[in-house]
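Here are a few short exercises to try with the sequence and model open beside you. Have a go at each task before reading its solution.

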Amino acid sequence: MLGSRTELHIFDAGSVNGIRYCNEILLPYVRIFRGAMGLQFLFMDDNAPCHRTVAAEQLLESEDIERMDWPARSPDLTPIEHVWDFLGRRLAARTLPPVTIRELRLALQDEWAAMPQQLIDTLILSMGRRSETCLAVRGDHIPY
């Protein structure tokens, strides 16, 4: 979110299904943010299968969490993809890249903590411009 972030959540082994998404993301993070932000809160996720399960839909509705409309084909609009790219480049640039899962977890947490908040804010604030560009090219690729 603008001006702040949670700790990086790393899923333990296994697939992320709707129940895990509800229990590990929506309940501990999103519900709390919604409570703190009030009616101005607009939740943005994408069309990942775990985001669109009946369980996730019901939980968001029961918590009165408004979800941003998300087009079916919109990889260019997802700011988190740019965050993952940043983290990946930072990991690749390390003198000693992580070798074990534990090292990878620690390295990701370090890089997440070191990521400039301004970068996250800039990505969020660019959503309007990127959405307009995507609409102008009718959903085709955009240079972001």
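**Exercise 1: the pocket lining**

Task: Find which helices each supply at least two residues of the lining of the largest pocket.

Solution: Keep in mind that this is a predicted model. Start with the helices: H1 (18-37), H3 (79-92), H4 (101-114) and H5 (117-125) each contribute at least two lining residues. Next, take the volume of the largest pocket, which is about 1,600 Å³. Its lining has 41 residues, and those closest to the centre are Met1, Phe43, Met44, Asp45 and Ile80. Finally, sort the lining by class: 30 residues are nonpolar, six are polar and five are charged.

**Exercise 2: cysteines and disulfides**

Task: Work out why Cys50 forms no disulfide.

Solution: Recall that a disulfide is a covalent bond between the sulfur atoms of two cysteines. The cut-off for such a pair is within 2.5 Å. The closest cysteine sulfur to that of Cys50 belongs to Cys22, and it lies 9.1 Å away, so the two are too far apart for a bond. A search of the whole structure likewise finds zero disulfides.

Task: Decide whether Cys50 and Cys134 are buried or exposed.

Solution: Buried means under 20% relative accessible area. Cys50 has 12%, so Cys50 counts as buried. Cys134 has 9%, so Cys134 is buried as well.

**Exercise 3: placing Ser131**

Task: Locate Ser131 and classify its exposure.

Solution: First, Ser131 sits in helix H6, which covers residues 127-136. Its relative accessible area is 22%, so Ser131 is partly exposed. Last, look along the chain to Ile142, 11 residues apart from Ser131: their C-alpha atoms are separated by 9.7 Å.

How values were computed: Residues numbered from 1 in each chain as written. Predicted model: local features only at pLDDT ≥ 70, side-chain atom pairs only at ≥ 80, totals over all residues. Heavy atoms only, no water. Helix = DSSP H or I, 4+ residues; strand = E, 2+ residues; numbered from the N terminus. Buried < 20%, exposed > 50% of the residue type's maximum accessible area, 1.4 Å probe, protein only. 1 Å grid on protein atoms, 1.4 Å probe; cavity = no way out; pocket = protein on both sides within 12 Å on 5 of 7 lines; lining within 4 Å. Points joined across faces, edges and corners; volume = space filled by probe spheres on them. Nonpolar A, V, L, I, M, F, W, Y, C, P; charged D, E, K, R; others polar.
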